[in-house]
Amino acid sequence: MYDFEVTGIWQLACPLMSMAERILIIDDDDQLANAYKEYLSDCGHQVDCARELEEAQALLAHFSYSVVITDLRLTKLGFGGLDLIKHIRELALKTRIIVFTGYGWPELRAEATAQRVDAFLRKPTQLKELAATVGALVGVKA
Amino acid sequence: MTTSLLEKILDDPDALSVRFQPIFRLRAGVSQVDSVEGLIRGPRATNFERADILFDYVRRKHAEAAVDRSCIVAICKAVLELPPELRINVNVHASTLGHNPGFADFFRRQARNLSLSLDRFTLEIVEHAPTYNIPSLTCSIRALRDLGVRIALDDVGLGNSNYRMILDCHPDYFKLDAYFAKGVTHDADRRAVVRSVMCLAEEMKGSVVAEGVQSSEDLATLGQMGVELFQADLLCPAMQVHDLAAKGFVGLKMGSTPATRVAENVQAFERARQKLLEPAAKQPLCQ
């Protein structure tokens, strides 16, 4: 598992990576999700956004994603991101998972880690950091 | 406050758009549009514009009943642009009929408000999960039949469109899934399945509609086996009303609409039709 909060490797990221990956971003904050989408698209990736668990599940059923980037909290009342991570792992998809969340609760992180999350990022995540994390997970050199 | 996709679908009258795909009646010397199926597309320029993804989402939200109603509202409005004699197929989930006893009344009111005759409609029952409330389902179907609506069972042979559903729905139309049409010419097992469905339909006074035929060869084979109704991109993909009219698929008096007016789409059909015109004595299916 990568932990870019610790390594700070993101500072080396180049926004113009050459290999296009299909990426799914799940966040109920449209503004934030669109900013991430725009940046990652500029990096050459094909990016889809979903705002809730069921949207993400429907997209995962029809498209193959290299990377899923999800918030843990997808509704005001719950942590649908964890359900999504479990769903992906149950499907045995090879998708790499990046979690970004404003919540630093150790128990949440432990649960996500148990589901083999590939990287954690703390919200608000800098765009370069996000792109670098994606690049590292899919094996693309900056 | 931002709205969810489901709220958008249910509340925004422009979120759903409608395409129509003709169902052709093809047999020796006859090629005409029998009816059109109203097909829903989700919000434009999104992944959910695709119906399969849209309804996957809807089913995950357990919102089939509410969305089915929105779809019927959208399709009924679009039907106003079609020639008044043209028959219309509309999809509805079995669960919507099984859990909503008021559906037939809703459909009746919707049609009445737009001055649409209900006997123009065929309701295509689709289901992706077991339907548990069979009495309510059959009650809804009976109410719809009383209004003049015909019943089709979609995706026959796959999933939950099984023998039980055939018995419970007693469809007027058996819509044979594309899976069984694909490669039927060179697959004796597939032909056996098609024959069995045709036999069922004949015994139950219904008709078979072959969906998603991908080659003129398979079209001809199914025609020789006695299938007369076809719905396939090969003949005409789903399109908006004005495109259907511009290409000559609708707008003429029913019974005389030559599908051959659309040269780019029907070349394959023409070849198949020529094969159908060749003498080929049909064997009785059920003996």
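## Backbone at Arg116(A) and His170(B)

Arg116(A) sits in the loop of chain A that runs between α5 (106–114) and β6 (119–122). The model is a predicted one. In it, the phi angle of Arg116(A) is near 60°, a positive value in a residue other than glycine. Arg116(A) counts as exposed because its relative accessibility is 53%, and the exposed class begins over 50%.

In chain B, His170(B) also has a positive phi, near 45°, and is likewise a residue other than glycine. His170(B) belongs to the loop between α7 (163–169) and β6 (173–176) of chain B. With a relative accessible area of 40%, His170(B) is partly exposed.

## Helix α6 of chain A

Helix α6 of chain A spans residues 127–137 and is mostly covered, with eight of its 11 residues buried. The buried residues of α6(A) include a run from Glu129(A) through Leu130(A), Ala131(A), Ala132(A), Thr133(A) and Val134(A) to Gly135(A). Leu137(A) is also on the list of buried residues. After α6(A) comes Gly139(A), which has a positive phi near 80°.

## Packing of α3(A) against α2(B)

Two packed helices are described by the angle between their axes and the distance between the axes. For helix α3 (residues 53–62) of chain A and helix α2 (residues 51–60) of chain B, the angle is about 135° and the axes are 9 Å apart. α3(A) and α2(B) are therefore oblique to each other, because the angle of about 135° falls short of the roughly antiparallel class, which begins over 145 degrees. Their crossing is right-handed.

On the α3(A) side, the contact is made by Glu54(A), Glu55(A), Gln57(A), Ala58(A), Leu59(A), Ala61(A) and His62(A). On the α2(B) side, the contributing residues are Asp52(B), Ile53(B), Asp56(B), Tyr57(B) and Arg60(B). By class, this contact of α3(A) with α2(B) holds five nonpolar, two polar and five charged residues.

## Packing of α2(B) against α3(B)

Helix α2(B) also packs within its own chain: its axis and that of helix α3 (residues 64–79) of chain B come within 8 Å and cross at roughly 140°. α2(B) and α3(B) are therefore oblique to each other. From α2(B), the contact is made by Phe55(B), Val58(B) and Arg59(B), and from α3(B) by Glu64(B), Val67(B) and Cys71(B). These residues divide into four nonpolar, no polar and two charged.

## Leu123(B)

Leu123(B) is part of strand β4 (residues 121–126) of chain B. Its relative accessible area is 0%, so Leu123(B) is buried. Leaving out residues up to four places away in sequence, Leu123(B) touches Val90(B), Val92(B), Leu97(B), Phe103(B), Phe107(B), Leu144(B), Val149(B), Arg150(B), Ile151(B) and Ala152(B). Leu123(B) and Ile88(B) are 35 residues apart in sequence, and their C-alpha atoms are 8.5 Å apart in space.

## Gln110(B) and Ser136(B)

Gln110(B) lies in helix α5 (residues 103–113) of chain B. Gln110(B) is buried because its relative accessible area of 13% is under the 20% limit. Not counting residues up to four places away in sequence, Gln110(B) touches Ile72(B), Val73(B) and Cys76(B). Gln110(B) and Lys77(B) are separated by 33 residues in sequence and by 9.4 Å in space, C-alpha to C-alpha.

Ser136(B) is located in helix α6 (residues 134–146) of chain B. At 14% relative accessibility, Ser136(B) counts as buried. Apart from its neighbours within four places in sequence, Ser136(B) is in contact with Leu97(B), Gly98(B) and His99(B). Leu97(B) also appears among the residues that Leu123(B) touches.

## Cysteines

The structure holds zero disulfides over all chains. Cys49(A) counts as partly exposed, at 24% relative accessibility. Cys139(B) is partly exposed as well, with a relative accessible area of 41%. Two further cysteines enter contacts described above: Cys71(B) is one of the α3(B) residues in the contact with α2(B), and Cys76(B) is one of the residues touched by Gln110(B).

Key: Residues are numbered from 1 along each chain as its sequence is written. Chains are lettered from A and ligands numbered from 1 in the order in which they are written. This is a predicted model: local features need pLDDT of at least 70, side-chain atom pairs count only at pLDDT 80 or more; totals for chains, interfaces and linings use all residues. Side-chain values use heavy atoms; hydrogens and water are left out. Axes are lines fitted to C-alpha atoms, for helices over the stretch in contact, and angles run from 0 to 180 degrees between N-to-C directions. Helices (H or I, at least four residues) and strands (E, at least two) are DSSP runs, numbered from the N terminus. Angles under 35 degrees count as roughly parallel, over 145 as roughly antiparallel, 65 to 115 as roughly perpendicular and the rest as oblique. A crossing is left-handed if the near helix is turned anticlockwise from the far one by less than a right angle, and right-handed if clockwise. Contact means heavy atoms within 4.5 Å. Ala, Val, Leu, Ile, Met, Phe, Trp, Tyr, Cys and Pro count as nonpolar, Asp, Glu, Lys and Arg as charged, and the others, Gly among them, as polar. Buried means under 20% relative accessible area, exposed over 50%, partly exposed in between (1.4 Å probe, protein chains only). A disulfide is a pair of cysteine sulfur atoms within 2.5 Å.
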